[in-house]
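Work through the exercises below with the sequence and the model open. Each task is followed by a solution in steps.

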Amino acid sequence: MKIYFAGAIYGGREKLKTYIKIQKFLESLGHEFLTKHVTGVGMATEETEFRKTPRESFARNLSLMAQADCLIAEITLPSLGVGYEIAYALHTRKIPVLALFEKDKKHQVSAMMRGNTLPNYQILGYEEGELKATIKNFLSKLRNFKFQIPISK
């Protein structure tokens with residue numbers, strides 16, 4: 001599958017190690033990680049991202065989203081951009097979304113995110129040791145969703 005991963009860049013980089021862990025895990029399962037600019041693996045993310053104009057970032061992200069079969073977001077750090085990407089994935093692309101946050105930081109996560117009941121949206125708190133299993137469980141259920149999703153071969 002082609003996976004669009006969303007995580008804070010301008011909102012803070014405190015979760016970067018988690019982002020990289022998620023990228024490596026998804027790639028180890030054979031999935032295509034579309035948003036390597038979020039993790040910076042193989043590039044200087046902040047330097048590269050801060051040089052882009054907002055329009056360049058927007059165009060790149062929508063182009064990547066157009067290829068995605070699903071979106072996985074780490075939302076522990078509040079980010080307007082990540083919120084926008086989630087809304088775009090749900091309402092425009094209509095692809096499944098998994099939003100993850102650290103269980104002990106639930107108070108940081110918007111009520112709009114926690115209260116969303118759309119059938120193609122799942123939000124889960126995690127502890128470090130259960131992150132991989134949580135993601136794997138989400139991915140294994142994608143083919144059983146009640147709506148059409150364009151799973152890549």
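**Exercise 1. The pairing of strand 3**

Task: Find which strands pair with strand 3, and in which sense.

Solution. The model is a predicted one.
Step 1. Take strand 1, residues 2-6, and strand 3, residues 70-74: four bridges join them, and the pairing is parallel.
Step 2. Look at single residues: Tyr4 has Leu71 as its bridge partner in strand 3, and Ala6 has Ala73.
Step 3. Turn to strand 4, which pairs with strand 3 in the parallel sense, again over four bridges. Here Ala73 is opposite Ala99 of strand 4.
Step 4. Follow the chain between these two strands: from strand 3 it passes through helix 5 to strand 4, a β-α-β crossover that is right-handed.

**Exercise 2. The whole sheet**

Task: Give the strand order of the sheet and state which strands stand at its edges.

Solution.
Step 1. List the elements: the chain has seven helices and five strands, and from the N terminus they follow one another as β-α-β-α-α-α-β-α-β-α-β-α.
Step 2. Arrange the strands: the five form an open sheet in the order 2-1-3-4-5, with parallel pairing.
Step 3. Read off the ends: strand 2 (32-33) and strand 5 (121-126) each have a single partner strand, so one side of each has no neighbour in the sheet.

**Exercise 3. Burial of strand 3**

Task: Decide whether the faces of strand 3 are covered or open.

Solution.
Step 1. Recall that in a regular strand the side chains alternate between the two faces of the sheet.
Step 2. Sort the residues by side: Cys70, Ile72 and Glu74 lie on one, Leu71 and Ala73 on the other, and all are buried, which leaves both faces covered.
Step 3. Conclude: five of the five residues of strand 3 are buried, so the strand is largely enclosed by the rest of the structure.
Step 4. For the chain as a whole, 46% of the 153 residues are buried.

**Exercise 4. Helices on the sheet**

Task: State which strands helix 1 and helix 5 contact, and at what angle each runs to strand 3.

Solution.
Step 1. Helix 1 (residues 16-28) lies across strands 1, 2, 3 and 5, at about 150° to strand 3.
Step 2. Helix 5 (residues 80-93) packs on the sheet and touches strand 1, strand 3, strand 4 (97-102) and strand 5; its direction makes about 155° with that of strand 3.
Step 3. Pick a residue of helix 5, Ile86. With a relative accessibility of 2%, under the 20% cut-off, Ile86 is buried.
Step 4. List its contacts beyond four places in sequence: Ile86 touches Leu71, Ala73, Ile75, Val97, Met113 and Tyr121.
Step 5. Check one distance: the C-alpha atoms of Ile86 and Ala99 are 8.4 Å apart, and the two residues are 13 positions apart along the chain.

**Exercise 5. Two tyrosines of helix 5**

Task: Classify the ring pair of Tyr84 and Tyr88, and say how accessible each residue is.

Solution.
Step 1. Place the pair: it belongs to a structure with four aromatic pairs. The ring centres of Tyr84 and Tyr88 are 6.4 Å apart and the planes meet at 15°, so the pair is stacked.
Step 2. Relate this to the helix: because they are four residues apart in helix 5, Tyr84 and Tyr88 are separated by about one helical turn.
Step 3. Compare accessibility: Tyr84, at 46%, is partly exposed, whereas Tyr88, at 19%, is buried.
Step 4. Note also an aromatic cluster made of Phe5, Tyr19 and Phe33.

**Exercise 6. The buried side of helix 7**

Task: Which residues of helix 7 are buried, and what do they pack against?

Solution.
Step 1. In helix 7 (residues 131-141) the buried residues are Leu131, Thr134, Ile135, Phe138 and Leu139. Their arc around the axis is only 130°, so they lie on the same side of helix 7.
Step 2. These buried residues pack against helix 1 and against strands 1, 3, 4 and 5.
Step 3. Take Thr134 as an example: its relative accessibility is 14%, and Thr134 therefore counts as buried. Beyond its neighbours within four places in sequence, Thr134 contacts Leu98, Leu100 and Leu124.

Technical notes. Residues numbered from 1 in each chain as written. Predicted model: local features only at pLDDT ≥ 70, side-chain atom pairs only at ≥ 80, totals over all residues. Heavy atoms only, no water. Pairing = 2+ DSSP bridges. Contact = heavy atoms within 4.5 Å. Axes fitted to C-alpha atoms, helices over the stretch in contact; angles between N-to-C directions. Buried < 20%, exposed > 50% of the residue type's maximum accessible area, 1.4 Å probe, protein only. Right-handed = clockwise from strand over helix to strand, strands pointing away. Phe/Tyr/Trp six-rings, centres within 6.5 Å; stacked < 30°, edge-to-face > 60°. Arc of directions from axis to C-beta.
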